[in-house]
Amino acid sequence: MTAADARARLVLSLVTEPGDPRLVELLRGTTPVDVVRALEAGRRHPGVSDAWRERFARADVLVERAREAAEAAGLRWVVPGDRDWPRGLEDLDHLDPLHGATGCPLGLWVRGEASLGELTRHAVAVVGTRSCTSYGATTASELAADLGDTGFTVLSGAAFGIDAAAHRGALAVGRPTIAVLACGADADSPRAHAALLRRIVDAGGLVVSEQPPGQVPIRARFLSRNRLIAAMTVGTVVVEAARRSGSLNTLHWADRLGRPTMAVPGPVTSAQSVGTHQAVRDGKAVLVTEHRDVLAELGLGPEAAGPGRPEGHGHESPGRRTLDALSWDRALPLQEVADRAGAAPGETAAVLAALAAEGLAVQVDGRWLLHQRADAT
C-alpha cells in the first residue's frame, strides 16, 4: 500500500461517514487516489455527493487536525494492504447494508503497539447487554478467560456490562484483548472505562476505531461499529441480550458473514436473556455454555491446543474434512472446498477462517490453498 493510497483513504474517511454504503459503490470501479485527484482538480466524480465535496474543501485542515490528535493520543492509521490489516474486514464489501451501514472500512485508527493483524488472526467476539446480571458478568468473564487460555484473542466493544466483563476476563489470565469503539480511538468511552482501556493497551492489547480522532459515539456509529467486531473475528458469542439489544446486531452481522454465531443461555425468567433465547430458538445462534462448546462450533475438537487446530483424533471433524479437501498446488473457490468436504459453504467458510488463523490454510485472491498440515506441526 503506497503512501498516496493511505493518505487518500484518510482524506475520504474524514469527508464521509465511515460505513456509508455509498463508499462501497464509489470504490468498486476506481481507487481512493483517483477519487481524491478528481476532487482536487475540481472535477465531478460519479458517486461523490455535494456534501462530500463541501467537506473536501476543508480536507487539508481535517487531515492536519486528525494527525495532530492521533500523535497526541499515540494512534496509528492502518489501511488494507498493511501487514497489520485484518483480512476478514474485506468480506464486508459483499454484504448489503444493515441499518444504513456496510463495507470494508477505509482504514482503522489503532491505539497500542501490538499487531492488529496478528491478534485478529485468532479472535473471538464476546458481547452482550450493558445492563447485565451478576450471572452474565461472571459467565462472560470466565468464558473470555478460558478462551484466552486456549490462545484466542477476545474482542469486544468496551461498553458497560458484558463487554467490560469479557475484556477483564481476558486480562485476568494475561491475554491481550481488543476494544472496538464507536467513537475516536483517542477517546475513553465510556469515560468510566478510561482505566480499563489503558490497561488493555498496557497489557499488549489494542483500542481500535474506524472513526477519526475526536469523533463522539452516536447510536448509528454503534450499529456501524458492530460490523467490524463481527468481521474481525472467527466467531461471535452473545452473553445476555434483551429482546432489542444491540449485541444481537453484532450476531446478525456475523451470521451474514458466514461466521459461527453462538449464544449463552440464561434463566428463563430473566429479561436480559430473552434475546439470546430467541436467537437460539430462531436458529440464529447455537447454544453454548463454556469455551469447549465455542471451540466445537469453530470446528475445533475438545483436545485443541490452540486457535484453528483441528482436533487430533476423529477424522470426521469439520477441520479435518476441510483440510483434506484443500490442495497444495491449486487454489480452490469456497464452493468447491465445501463440496469436497461435504459441508455447507457457510460452515466451510468458518472452518477455513479458523484454519487460516493457525496458519494451516491461506486465502489467495478469494480462493483457498493448503499451507500446512495440522498433523505435520
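A pocket is an open set of grid points where a 1.4 Å probe fits, with protein on both sides within 12 Å along at least five of seven lines. In this predicted model, the second largest pocket has a volume of about 630 Å³, while the largest pocket holds about 1,000 Å³ of space.

**Confidence of the model**

The protein has a mean pLDDT of 89, and 94% of its residues reach 70 or more. Over residues 302-316, however, pLDDT stays under 50. For that stretch the model has 39 contacts beyond four places in sequence.

**Nonpolar cores**

In soluble globular proteins, nonpolar side chains tend to be buried together. Here the largest nonpolar core comprises 37 residues, and Phe56, Trp109 and Leu197 have the most contacts inside it. Two or more of its residues come from each of the helices α1 (3-15), α2 (21-28), α3 (32-40), α4 (50-56), α5 (59-73), α8 (162-172) and α9 (194-202), and from the strand β1 (75-78). The greatest contribution to this core is that of α1, which gives seven residues.

Beyond its neighbours within four places in sequence, Leu197 is in contact with Arg111, Ala158, Ala179, Leu181, Ala187, Asp188, Ser189 and Val207. Another core lies apart from the largest one; it has 34 residues, including Leu108, Val127, Leu155 and Val238.

**The two pockets**

The largest pocket is lined by 37 residues, and Arg87, Gly88, Ala356, Gln363 and Trp368 are the closest to its centre. At least two lining residues are supplied by each of α6 (116-120), α16 (345-357) and β10 (361-364). Among the elements, α16 gives the most to this lining, with five residues.

The second largest pocket has 32 lining residues, and those nearest its centre are Arg9, Pro80, Glu90, Asp93 and Cys104. The elements that give two or more residues to this lining are α1 and α2. Of these, α2 gives the most, with four residues. The helix α1 thus appears in two settings: it contributes seven residues to the largest core, and it also supplies at least two residues to the lining of the second largest pocket.

The composition of the two linings is set out below.

| Pocket | Nonpolar | Polar | Charged |
|---|---|---|---|
| Largest pocket | 16 residues | twelve residues | nine residues |
| Second largest pocket | eleven residues | ten residues | eleven residues |

Definitions and conventions. Residues numbered from 1 in each chain as written. Predicted model: local features only at pLDDT ≥ 70, side-chain atom pairs only at ≥ 80, totals over all residues. Heavy atoms only, no water. pLDDT = per-residue confidence, 0-100. Contact = heavy atoms within 4.5 Å. Core = buried A, V, L, I, M, F, W, Y, C linked by side-chain atoms within 4.5 Å. Buried < 20%, exposed > 50% of the residue type's maximum accessible area, 1.4 Å probe, protein only. 1 Å grid on protein atoms, 1.4 Å probe; cavity = no way out; pocket = protein on both sides within 12 Å on 5 of 7 lines; lining within 4 Å. Points joined across faces, edges and corners; volume = space filled by probe spheres on them. Nonpolar A, V, L, I, M, F, W, Y, C, P; charged D, E, K, R; others polar.
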